[in-house]
Amino acid sequence: MFNHKFTNMSRKLKIRQKILLYILTFTAFLYIISIGYILYNSRKTVNEDAITKTQLTARVTAKEISSIFERELTLVRTLSQAFTVFKDLPQKQWEKLFLDMYMPVLKENPQVYSLWDSWEYKAYIPGYDKDYGRFVITTWREGTQLKWLYDQRSLTGDPPIYGAYKKKGIEAIWEPYVDQVTTGKADTKLMITYSSPIYVNGTFGGIIATDQGLESLQEIVSAIKPVTGSYAYLVSNTGIIAGHPDKEMIYKNISEVFPDEMTSQNLLERVQKGEEFNFIKTDEFGKKHLICYSPIIAGKINTPWALVLSAPLDVITASAKKTLYISLIVSIIGLFIMVFMLLFISDNLTKPITKITEILKRIAKGEISNELIVNLNTGDEIEEMAIALNTSIEGLNQKTDFANEIGKGNYDSSLDLLSEKDALGKSLQYMRESLRNAATEEENRKVEDQKRSWANEGFAKFGEILRQSNTDLQKLCDNVIVNLVKYTGANQGGVFLWNEEDKYNQYFELVSAFAWDRKKYITKQVEKGEGLVGACAMERETIFMTEVPDDYVMISSGLGESNPRCVILVPLKHEEEVLGVIEMASFKVLEKYEIEFIEKIAESIASTILSVKINARTKMLLEQSQMQAEEMKAQEEEMRQNMEELQATQEEVARKSGEIEGFINSISSSAYVIEYDLGGNIINVNDAFLQLVGVPRDQIIGSHHSNNLVLTEQQKKEYGIFWDNLKAGMTKKTKSKLSWSGRTIELLETYIPVKDTDGHITKIMKLAFEIGEFND
């Protein structure tokens, strides 16, 4: 709702008010955003620079301490490298020699509290095989005096600190510790040790070390105060505070002093990795401090320490706040100056614009005259606006005159465009051309309507011709070619149909012609692919020629003869099947719409020709069907008679089969019947024979003819001939004796060869009678 009211209000404001409202609001907003962004980034950059400087201070100080550590390590490293010659000297000699060397070194390095060495018995006493036990030369200062002591240590085992160093065998800065080991010293101190190993032939032989009190480091860190309220302290590799302005903090572990940061910032882990980092910490009074950790790495040691610098955050960022306040005041002053300049500029802009606005209002009401021309000499875009307005007024005057001329029908009147982008002028020119072309287009439309009307009338005319002539092919072709030549204004034409009555001699035949020179086609036959007619049929496309050879065809009349100006051949095709070709010649060149008309009519003609052919073929097939029906009727009568004769024959066969079956049953009941295959094996017997011999059927079936047969010597000799004669088809009668179960049976037998329908002998049947029956 507020936006709606604001929009309505802005529509009612004058341009000066809108400039002040929109531009001033937007500019002020953009100005405030930009200044705010710049101030924010400036403050952020200054804060980051302050943090970077504080971190850099910690880094530089850490490097100074690293150089001190490196200096002390260099001292012991040099001595350890020089003392590798101890094995080449007698023990008493090198003991005194080393002591004489230590005293001047201790004297020249006041920061060193104690200089000592440790020699492993195992390394220089032959036959000593224990891993512990060592000889120690210790020099130390006590007030202004330098003292020394020969001592034996680790005879029962190495102390933890020394044992750990001995195991690593590398340069090291020991963790802070209380020196309570050396006997004979007057006091004990909180110390750190710089040590370097002595290696002889790659074997650990001892160490050279210096002990220094933490008070030397305390002096260094106490002097580090880059800003008011800042302080620094040292942290060893294991987190022990080795130097701090507050002496109560010395020798405490950071895990107990800063337990929260120990967990949240992983202090000990990052110190041992040698990382440089910083974070913001809030003390118990709510004051924020920047805590910067910088690693201290010296020599070859892998146990870095850290210098920690704590600075109040408000102190190091004080300059950033001051810069912010100054920038804010400057920004407010700049905003007021900008508002004043916008008021001045808006007055100079709006006055000429108001004048131009009044003129535009008069133009909007339809007023066009030279009185509207305005003169401004501001020398800026507003003057260019006035010039453009004057040009538009002059152009409108010209366009008004031009429109009046067009309204009078004067299409030859001209109009000069103001520029290539003069849309109104181009529209008026386009309107003139449109009106000029309207009459031509109307005439063309009438011509097209006449063509469509001509084609529609032709379709109706030939549709009627095709309907009336769809029973006689010759009459159809005659009517089609006569009317088509006349309707298209051609001079002559012919219809060629595909003749396929003889499948071995098929060709296109001229079946109808109108005003055609018959000499052109003496035989009236054209092969497929021959000439233009054959080519048209092969290609299934229209052939239209306007350059006709002199010897192709002549159009004759009573006044003479001449070549046609065009020849057209159109295939008569139905669904890609070419039924024929229409060829026409004309003195006038057929137009495109006439050619399209002939092509469409050709489709209808082809469809009708196909229909006529189908009807003729159907009629012929119907007549053939009737003749075949009469022939089938006669054949059915003959078949009926044959069936009656066949039925009589079947009845006779059935009767004879009954007689034969009765005959066989009679024989089976009165005689013994045995059937043999051609190998002489029994394949079947009747029940009478089984009763005679008293043997089951399964024992007899498969047995040979000669089994149980009692033969004379003569019969044995003739036995093979006997079976050969049977196989040859001869019937045999004989007497035989059988011996079954101790019983002799004499039979009178008749052997009959049995043939199949092809006359081949398939088995031998034997009819037998017992001779005793005849005697009875």
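Which residue takes a positive phi in the hairpin of β10 and β11? Hello everyone, let me start there. That residue is Gly 286, with a phi near 80°, and the hairpin has five residues between its strands. Please keep in mind that we are looking at a predicted model throughout.

Staying with this hairpin for a moment, β10 covers residues 277-282 and β11 covers residues 288-296, and the two pair in the antiparallel sense over six bridges. One pairing to pick out on your screens: Thr 282 has Lys 288 in β11 as its bridge partner. Cys 292 counts as buried, because its relative accessibility is 0%.

Since I have mentioned a cysteine, a word on disulfides. A disulfide is a covalent bond between the sulfur atoms of two cysteines. How many disulfides does a search of the whole structure find? Zero. Cys 477 is another cysteine to look at, and it counts as buried because its relative accessibility is 3%.

Now let me step back to the whole chain. There are 20 helices and 26 strands. The chain has 776 residues, and 37% of them count as buried. If you take the contacts with a separation of 6 or more, 53% of them come from residues 24 or more positions apart.

On to the sheets. One open sheet of six strands runs in the order β15-β14-β13-β20-β19-β16, and its pairing is antiparallel. At its edges you will find β15 (525-526) and β16 (543-545), each of which pairs on one side only. Further in, β13 and β14 run antiparallel and are joined by eight bridges. Within that pair, Gly 494 stands opposite Ala 513 in β14. Helix α14 packs on this sheet, where it touches β13, β14 and β20 (577-586), and its direction makes about 55° with that of β14.

Some of these elements come up again in the largest pocket, which I expect this group will want to look at. Its space is about 520 Å³. The lining has 17 residues, and those nearest the centre are Leu 473, Glu 501, Lys 613, Ala 616 and Arg 617. Which elements give two or more residues to that lining? They are α14 (473-488), β13 (492-502), β14 (505-514) and α16 (592-670). Of these, α16 gives the most, with six residues.

Let us move along the chain to another open sheet. Here six strands follow the order β22-β21-β26-β25-β24-β23, again with antiparallel pairing. The edges are β22 (682-685) and β23 (709-710); each has a single partner strand, so one side of each is left without a neighbour in the sheet. The partner of β23 is β24 (residues 732-740), and this antiparallel pair has two bridges. Val 710 stands opposite Lys 737 in β24. This sheet has a helix packed on it as well: α19 touches β21 (672-676), β23, β24, β25 (743-755) and β26 (761-770), with its direction at about 125° to that of β24.

Let me zoom in on one residue of that helix. Lys 727 belongs to α19, which spans residues 713-727. Is Lys 727 buried or partly exposed? It counts as partly exposed, because its relative accessibility is 43%. Setting aside neighbours within four places in sequence, Lys 727 is in contact with Leu 678 and Ile 761. Lys 727 and His 760 are 33 residues apart in sequence, and their C-alpha atoms are 9.8 Å apart in space.

Next, the enclosed spaces. Rolling a probe the size of a water molecule over the atoms shows where empty space is left. The structure holds two cavities of 30 Å³ or more, and the largest has a volume of about 120 Å³. Its lining has 16 residues, and closest to its centre are Tyr 676, Ile 682, His 705, Asn 707 and Leu 738. The elements that give two or more residues to this lining are β24 and β25, and β24 gives the most, with three.

One last stop, at Ser 154. Ser 154 is found in the loop between β3 (145-153) and α5 (160-168). Its relative accessibility is 10%, so Ser 154 counts as buried. Not counting residues up to four places away in sequence, Ser 154 touches Tyr 132, Gly 133, Arg 134 and Pro 159.

Thanks for listening, everyone.

Terms used:
Residues are numbered from 1 along each chain as its sequence is written. This is a predicted model: local features need pLDDT of at least 70, side-chain atom pairs count only at pLDDT 80 or more; totals for chains, interfaces and linings use all residues. Side-chain values use heavy atoms; hydrogens and water are left out. Helices (H or I, at least four residues) and strands (E, at least two) are DSSP runs, numbered from the N terminus. Buried means under 20% relative accessible area, exposed over 50%, partly exposed in between (1.4 Å probe, protein chains only). Contact means heavy atoms within 4.5 Å. Two strands pair if DSSP finds at least two bridges between them. Axes are lines fitted to C-alpha atoms, for helices over the stretch in contact, and angles run from 0 to 180 degrees between N-to-C directions. A disulfide is a pair of cysteine sulfur atoms within 2.5 Å. On a 1 Å grid over the protein atoms alone, a cavity is a set of points where a 1.4 Å probe fits but cannot get out, and a pocket is an open set with protein on both sides within 12 Å along at least five of seven lines; lining residues have an atom within 4 Å of a point. Grid points are joined across faces, edges and corners, and a volume is the space filled by probe spheres set on the points.
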